[in-house]
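Reader: Hey, got a minute to walk me through this one? I'd like to start with the packing.

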Amino acid sequence: MSKVLSEEAALALISAGKIGRLGCVDGGEPYVVPINYVVEDRSIYSHSLPGRKIDAMRMHPRVCLQVDQIADDFHWRSAIAFGDFEEIRVPSDRRSILGKLLARFPSLTPVESVMVQDASAPDSVVFRIRIDRITGMTEE
């Protein structure tokens with residue numbers, strides 16, 4: 001039987017996850033891609049090279065991140081955080097966020113490791129999603 005997760009439980013699920021599905025709008029259509037991320041102070045932080053998802057979020061900053069925890073077909077939890085995309089441009093903030101991502105994901109590529117040292121590299125886009133609404137469901 002499905003039931004609604006509390007906001008606290010939904011946020012805990014998203015915070016514990018490592019890979020989520022970022023949902024945005026591209027050309028009037030939904031566009032969903034997997035990303036890795038960290039959560040801090042009701043914000044989701046990630047990074048990307050420029051491309052389709054960054055272009056889409058710049059055009060339509062309203063986005064969401066969906067995260068699952070699935071044991072089997074009858075035991076799962078799922079949460080979606082809604083918020084607004086915001087680029088992080090201050091070099092010290094970029095460096096801090098990239099450092100946290102690298103600490104959580106030590107197997108990131110060497111390029112990402114260099115970006116931590118040179119957070120002003122123009123090719124990387126560091127961003128946050130400021131969470132303003134979060135929902136979740138569970139089947140247990």
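**Packing and cores**

Author: Sure. In this predicted model, helix H2 (residues 52–59) has Lys 53, Ile 54, Ala 56 and Met 57 as its buried residues.

Reader: Why do those end up on the same side of H2?

Author: Because they cover an arc of only 160° around the axis, which puts them on the same side of H2. As a general point, an α-helix has 3.6 residues a turn, so residues three or four places apart point the same way.

Reader: And what do the buried residues of H2 pack against?

Author: Strands, namely E2 (19–26), E3 (29–36), E5 (43–48), E6 (62–72), E7 (75–88) and E8 (125–139).

Reader: OK, the largest nonpolar core then. Which residues touch the most other members?

Author: That core has 26 residues, and the ones touching the most other members are Ile 14, Leu 22, Ile 44, Met 57, Val 63, Leu 65 and Ile 134. Two or more residues each come from helix H1 (7–16), E2, E3, H2, E6, E7 and E8.

Reader: Which element gives the most to this core?

Author: E8, with 5 residues. There's also a second, separate core of 8 residues, including Tyr 45, Ile 97, Leu 98 and Leu 101.

Reader: Switching topic: where is Ser 124 found?

Author: Ser 124 sits in the loop between helix H4 (110–117) and E8.

Reader: Buried or exposed, that Ser 124?

Author: Ser 124 is buried, as its relative accessible area is 5%, and the cut-off for buried is under 20%.

Reader: What does its side chain pair up with?

Author: The Ser 124 side chain makes a polar contact of 2.7 Å with the side chain of Arg 94.

Key. Residues numbered from 1 in each chain as written. Predicted model: local features only at pLDDT ≥ 70, side-chain atom pairs only at ≥ 80, totals over all residues. Heavy atoms only, no water. Buried < 20%, exposed > 50% of the residue type's maximum accessible area, 1.4 Å probe, protein only. Helix = DSSP H or I, 4+ residues; strand = E, 2+ residues; numbered from the N terminus. Arc of directions from axis to C-beta. Contact = heavy atoms within 4.5 Å. Core = buried A, V, L, I, M, F, W, Y, C linked by side-chain atoms within 4.5 Å. Polar contact = N/O pair within 3.5 Å; in protein donor to acceptor, adjacent residues only side chain to side chain.
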